[in-house]
Amino acid sequence: MFDIVADIKKDFIVNLLRSKKRVDNRAFDEYRPIVVEPGVSEKAEGSSLVKIGNTQVMVGVKLAIGEPFSDMPDLGVMMTNAELNPLASPRFEKGPPDEDTIELSRVVDRVIRESKCIELEKLCITEGEEVWIVFIDAHILDYDGNLFDATALGAISALRNTRFPKVEDGRIIYSEKTDKKLPVVDRPVETTFAKIGKDIVLDPVLDEELVLDARITIGTNEKGDICAMQKGGDGTFTQEEIIDLVNKSREKSEELRKLV
Amino acid sequence: MKIGEPEKFIIDGKRLDGRKPGELRKVKIEVGVLKKADGSAYVEWGGNKVLAACYGPREVHPKHLARADRAILRCTYSMAPFSVTDRKRPGPDRRSIEISKVTRQALEPVVFTNLFPRTAIDVFIEILQAQAGTRCTGIVAASMALADAGIPMRNLVPACAAGKVGGEIVLDLSDVEDNFGEADLPVAIVPQKDEVTLIQMDGNFEKGEFEKAFKLAVEGCMKIYEIQKEALKKRYGGA
């Protein structure tokens with residue numbers, strides 16, 4: 001049913017873009033208003049609520065002590081998970097994660113991991129035996145498009161206010177937080193562009209997302225290096241478009257980085 | 001430093017497996033290798049051994065997935081438990097599900113799905129042996145299986161990765177380079193049309209490095225495309 005509505009809307013949105021307008025009157029390279037509220041959860045070791053327009057994502061970071069991977073015995077472990085909660089959209093269903101949920105988790109994980117923003121070597125407690133495990137859990141609360149950028153922004157914001165809990169005799173006392181912060185040394189962010197017809201827009205709103213031909217998410221670190229990339233959608237980009245968007249992403253990600 | 005990491009990736013202009021930076025591993029493609037499938041292909045790419053089978057257009061199950069105006073394309077990427085050093089648990093994991101999705105989106109742009117409304121075209125990709133670059137190998141195999149099944153397509157889809165190891169941009173990462181390198185950039189294209197149907201990246205590219213790696217990956221795709229065409233000609237004739 002949704003898809004039929006989207007097909008009808010598509011003509012409208014494509015024509016609007018051809019006349020240089022967007023459904024919400026934004027410029028093609030303009031983000032919706034973004035609000036980042038760090039520290040929204042008292043129980044989590046780190047947390048953040050991110051709003052991009054009407055999209056809302058809450059990210060919580062929990063820390064645990066566990067075993068390292070056998071091929072990386074002296075490195076801490078990080079895991080990213082996203083939940084597309086049915087309360088956030090009539091399009092989301094309960095049940096095991098579908099491919100979109102998995103893609104979102106993995107693309108957000110990619111930029112955090114590959115930017116090496118968490119100093120995993122500092123999370124080693126006993127080599128080969130005990131390391132800190134960083135669980136990054138993102139909950140989508142309200143879905144109005146562009147979950148990639150909102151979730152990645154929420155993740156880095158939550159990581160940056162993550163503090164270690166107290167440890168006594170090898171056991172974690174979660175109720176008591178220390179002043180020691182999780183070693184986070186970079187602020188990676190992701191920017192997502194949608195290609196609709198011949199036009200490319202930043203930060204697609206849900207209506208745009210439903211009719212897009214192709215999508216690209218580009219993750220960068222503070223230096224402007226590219227750390228992660230993911231193309232989506234059933235359409236294509238030209239080579240020139242991709243190179244151009246990589247450069248645009250470097251520029252636009254600075255706006256996001258200022259917020260964390 | 002991770003266990004098993006080599007000190008240097010490039011010695012005297014040669015990579016650890018003897019290749020030059022812009023050189024592909026050996027690629028062998030054969031189509032029509034399975035009897036029951038409507039189309040099939042077998043690809044050996046370096047140490048990768050990958051089978052792909054195409055079934056369809058056929059009836060859609062479950063029925064609610066059927067689309068009134070076109071066929072649905074479904075791709076399943078799966079790794080055999082014995083395809084990797086540490087046994088992989090059978091069944092789909094998160095990585096396989098993501099690769100299945102991007103594979104489908106890499107192929108969707110070339111398939112004339114509008115010709116077969118209310119049907120499904122299923123492509124199954126089985127990694128029998130893995131040695132870095134299985135998603136590209138899978139896409140290449142899948143596109144050959146579709147062609148072998150006679151599914152109308154605008155073109156074949158070649159795929160190839162470029163990456164960065166030891167600070168140098170190289171084509172088609174080997175397993176050591178993939179595990180310990182600094183960046184991996186798989187790309188799939190529609191040749192002659194300047195259309196990129198898949199691009200993913202992880203690692204770290206500085207300004208300028210990305211463009212170089214991207215162009216190299218596209219060149220790699222074009223080399224793979226020639227091998228794909230040869231494989232079809234070998235099976236079905238034609239100059």
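**Exercise 1. The contact between the chains**

Task: In this predicted model, determine how many residues of chain B are in contact with chain A, and which element of chain B gives the most to that side.

Solution. Step 1: Count the two sides. In chain B, 28 residues are in contact with 27 residues of chain A.

Step 2: Assign the chain B side to elements. Helix H1 (94-107), S11 and H4 of chain B each supply at least two residues. The most comes from S11(B), which gives 11 residues.

Step 3: Classify the residues. The side of chain B that touches chain A holds 12 nonpolar, 5 polar and 11 charged residues.

**Exercise 2. A sheet built from both chains**

Task: Establish which strand of chain A pairs with S11(B), and in what sense.

Solution. Step 1: Recall the principle. Strands of a sheet pair through backbone hydrogen bonds, either parallel or antiparallel.

Step 2: Identify the pair. Strand S12 (residues 226-232) of chain A pairs with S11(B) in the antiparallel sense, over 4 bridges. Within this region, A:Ala228 has B:Asp202 of S11(B) as its bridge partner.

Step 3: Extend the order in both directions. The result is an open sheet of 8 strands, S10(A)-S9(A)-S11(A)-S12(A)-S11(B)-S10(B)-S8(B)-S9(B), with antiparallel pairing. Its edge strands, each pairing on one side only, are strand S10 (199-202) of chain A and strand S9 (168-171) of chain B. From one strand to the next, the twist averages 20 degrees.

Step 4: Examine the chain A end. Strand S9 (residues 189-196) of chain A and S10(A) run antiparallel and are joined by 4 bridges. Here A:Ile196 stands opposite A:Asp199 of S10(A).

**Exercise 3. Helices across the sheet**

Task: State which strands helix H3 and helix H5 of chain A lie across.

Solution. Step 1: Take helix H3 (residues 147-160) of chain A. This helix lies across S9 and strand S11 (214-220) of chain A, and runs at about 180 degrees to S9(A).

Step 2: Take helix H5 (residues 239-257) of chain A. Helix H5 of chain A lies across S9, S10, S11 and S12 of chain A, together with S11 of chain B, and runs at about 50 degrees to S11(A).

**Exercise 4. Helix H4 of chain B**

Task: Test whether the end-to-end distance of helix H4 (residues 209-236) of chain B agrees with its number of residues.

Solution. Step 1: Work out the expected span. At 1.5 Å a residue, the 28 residues should span 40 Å.

Step 2: Compare. The end C-alpha atoms are 41 Å apart, which agrees with the expected span.

Step 3: Inspect burial and the end of the helix. The buried residues of H4(B) include B:Phe210, B:Phe214, B:Ile224, B:Tyr225 and B:Ala231. After H4(B) comes B:Gly237, with a positive phi near 75 degrees.

**Exercise 5. Backbone exceptions**

Task: Locate the cis peptide bonds at B:Pro57 and B:Pro62, and the positive phi values of A:Lys116 and B:Gln192.

Solution. Step 1: Set the expectation. Most residues other than glycine have a negative phi, and most peptide bonds are trans.

Step 2: Place the cis bonds. One joins B:Gly56 and B:Pro57, with omega about 0 degrees; B:Pro57 is in strand S5 (residues 48-59) of chain B. Another runs from B:His61 to B:Pro62, with omega near -5 degrees, and B:Pro62 is in the loop between S5 and strand S6 (72-79) of chain B.

Step 3: Place the positive phi values. A:Lys116 has a phi of about 55 degrees and lies in the loop between helix H2 (99-114) and strand S5 (124-126) of chain A. B:Gln192 has a phi of about 70 degrees and is in the loop between strand S10 (183-190) and strand S11 (195-205) of chain B.

Step 4: Judge exposure. A:Lys116 counts as partly exposed because it has 15 C-beta neighbours inside 10 Å. B:Gln192 has 10 other C-beta atoms within 10 Å and is therefore exposed.

Methods: Residues are numbered from 1 along each chain as its sequence is written. Chains are lettered from A and ligands numbered from 1 in the order in which they are written. This is a predicted model: local features need pLDDT of at least 70, side-chain atom pairs count only at pLDDT 80 or more; totals for chains, interfaces and linings use all residues. A residue is buried if 20 or more other C-beta atoms lie within 10 Å of its own, exposed if 12 or fewer, and partly exposed in between; C-beta atoms are placed from the backbone. The expected span of a helix is 1.5 Å times one less than its number of residues. Two residues are in contact if their C-beta atoms, placed from the backbone, lie within 7 Å. Ala, Val, Leu, Ile, Met, Phe, Trp, Tyr, Cys and Pro count as nonpolar, Asp, Glu, Lys and Arg as charged, and the others, Gly among them, as polar. Two strands pair if DSSP finds at least two bridges between them. Axes are lines fitted to C-alpha atoms, for helices over the stretch in contact, and angles run from 0 to 180 degrees between N-to-C directions.
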